[in-house]
Amino acid sequence: MDISIIGSGYVGLVTGACFAELGNTVICADNDVKKISGLKKGLVPIYEPGLKELISYNLKNKRLKFTSSIREAVKASEVIFIAVGTPTLENGEADLTGIEKVARSIAQNMVGYRLIVEKSTVPVETCSWVKKTISTYVKKGYKFDVVSNPEFLREGSAINDFTHPDRIVIGAESLKAKQIMTNLYQPLNRPILITNIKSAELIKHASNAFLATKISFINALSRICDQVGADVKEVAQGMGLDSRIGGHFLRAGIGYGGSCFPKDLEAFITISRKLGYDFQILKAVRDTNQEQGAYVLQKIKDALWIIKDKTIAVLGLAFKPDTDDLRNSPSIALIMGLSREGARIRVYDPKAMAKAKEILKEAVFCKDPYQAARGADCLIVATEWNEFKELDFIKLKNTLKRQLIVDGRNIYEPGPLKELGFTYIGVGHGNE
Ligand code: NAD
């Protein structure tokens, strides 16, 4: 099929590259001209495992193309995905100006039937607005359909998530739209759930809100564990083995972040309020997440007494491993909190350093965990990259000024570290 993806970010690039790999002809469009000119040369602006190779391969095979002209993309493709950002406005609503703008451009540049696929995460009823917008601006009465096809990929494993999803959700009205979408996704051989459009839109917000709820639940539980000396990892394991609960998203830590959970939760709370429902559970999930960062910061303060002029090493900057994405990263929030108190920060992250340099002006950027730890009063693990799980702790012990580890992601077993002479502070293991 001839496909266009408008918005070449994490979702747009992965979607475009994967559909090209499946044999479709794909045009990825974006209004960021610099990004597009880089992509044309194979320069991928984000780190996502396997993406660079997939893009280069499909560029070479001429199945993938990049453009900054929406007109070119819309003219050439029968199926047009919208994958632009939907950030949070100050009042908590999702900012849908990008979606509206793209919908208008699509309408103005259509040259025949078009299937418009809403892939960005949007509040329920956005597709009806897209449909109204296209009807208003479309020329010559060209026919079109709008479908909702929310994306569930996770950064860090996006390609595998896209090609092996647990389910593909398609919210569609017309038979034609259902058929095109089913044909497009058939090669993945994964379960396809066809729903009405509003249900599909809600499935995405509901899923993210539910996953965030699991994280905040286990983080709240970690507070109780700390008080009584229980081990939150054991509690989570015991809960997770119950198939009605499941073990995923039950890892206590410094809280969730990223470009999706905080934003989508806020948008869901806001749209619910607009629809007349005060979604109190979700407000508690959000508040618990914010408190969790402050709680870990307090643990560090309790261990160091005075933060001012202390040297603190932070391992991990990205909001999760295997990505360079810093949006709403709990690590960055923690560093900001420590800097405000006058700490000297030394950082290391395997992939997010270049982006972090634009945000953390005063931090010292180090080439590896040991350089970061040099002379530090405390070492914090803020992102659970695999390489942090296998450090040389003897070397680390000799490098640190004070042998204090704050494991914000609970990646270490406290026992062996304590035996080596470290003071270990985790989340939900009992207060020291
Ligand atoms: P992103 O910020 O990485 O990319 C968005 C892209 O859209 C940018 O390149 C931007 O330049 C482009 N853009 C914005 N306005 C445009 C316009 N008017 N015309 C053309 N291009 C425009 O965002 P993302 O992380 O890819 O997320 C996109 C959407 O997908 C969001 O709604 C997000 O919630 C959702 N989503 C994201 C993830 C994820 O893990 N990142 C997962 C599932 C769903």
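**Entry 1: domains**

I looked up how the chain is partitioned in this predicted model. The protein chain falls into domain 1 (2-195) and domain 2 (230-425). I then took the separation of the two, and their C-alpha centres are 33 Å apart.

**Entry 2: the interface between the domains**

I asked how many residues of each domain are in contact with the other. The lookup returned 20 residues of domain 1 against 20 residues of domain 2. I recorded the extent of this interface as an area, since the size of an interface is often given as the accessible area lost when the parts come together. Domain 1 and domain 2 bury about 1400 Å² between them, and carbon and sulfur atoms supply 53% of that area. On the domain 1 side, I noted that Tyr10, Tyr47 and Glu155 lose the most area to domain 2, together accounting for 38% of what that side buries.

**Entry 3: polar and charged pairs across the interface**

I next searched for specific pairs. Between domain 1 and domain 2 I find 2 salt bridges. I also inspected Glu93, which forms a salt bridge with Lys274, with the closest N and O atoms 3.6 Å apart. For polar contacts, the interface of domain 1 and domain 2 gives 7 residue pairs, both partners being at pLDDT 80 or more. By class, the side of domain 1 that touches domain 2 consists of 9 nonpolar, 6 polar and 5 charged residues.

**Entry 4: where the ligand lies**

Why does the ligand lie between domain 1 and domain 2? Both domain 1 (2-195) and domain 2 (230-425) contribute residues to the shell around the ligand, so the ligand lies between them. I listed the shell: there are 25 residues around the ligand, and Asp30, Lys35, Thr86, Glu155 and Lys263 come nearest. Glu155 had already appeared in Entry 2 among the residues of domain 1 that lose the most area to domain 2. I sorted the shell by class and obtained 8 nonpolar, 9 polar and 8 charged residues.

**Entry 5: contacts to ligand oxygen atoms**

I checked individual distances from oxygen atoms of the ligand. For Lys263, an N or O atom of the side chain is 2.6 Å from a ligand oxygen. Thr121 places a backbone N or O atom 2.9 Å from an oxygen atom of the ligand. Tyr10, likewise through a backbone N or O atom, lies 3.0 Å from a ligand oxygen. Finally, I recorded the cover: the ligand taken alone exposes 830 Å², and the protein buries 88% of that.

Definitions and conventions
Residues are numbered from 1 along each chain as its sequence is written. This is a predicted model: local features need pLDDT of at least 70, side-chain atom pairs count only at pLDDT 80 or more; totals for chains, interfaces and linings use all residues. Side-chain values use heavy atoms; hydrogens and water are left out. A residue is near a molecule or strand if one of its heavy atoms lies within 4 Å of it. A polar contact is a pair of N or O atoms within 3.5 Å; within protein, one must be able to donate a hydrogen and the other to accept it, and residues adjacent in sequence count only if both atoms are side-chain atoms. Accessible areas come from the Shrake-Rupley method with a 1.4 Å probe; for residues, only the protein chains shown count as cover. Ala, Val, Leu, Ile, Met, Phe, Trp, Tyr, Cys and Pro count as nonpolar, Asp, Glu, Lys and Arg as charged, and the others, Gly among them, as polar. Domain bounds come from an automatic or database domain assignment. Contact means heavy atoms within 4.5 Å. Buried area is the accessible area (1.4 Å probe) that two parts lose on being put together, summed over both. A salt bridge is a side-chain nitrogen of Lys or Arg within 4 Å of a carboxyl oxygen of Asp or Glu.
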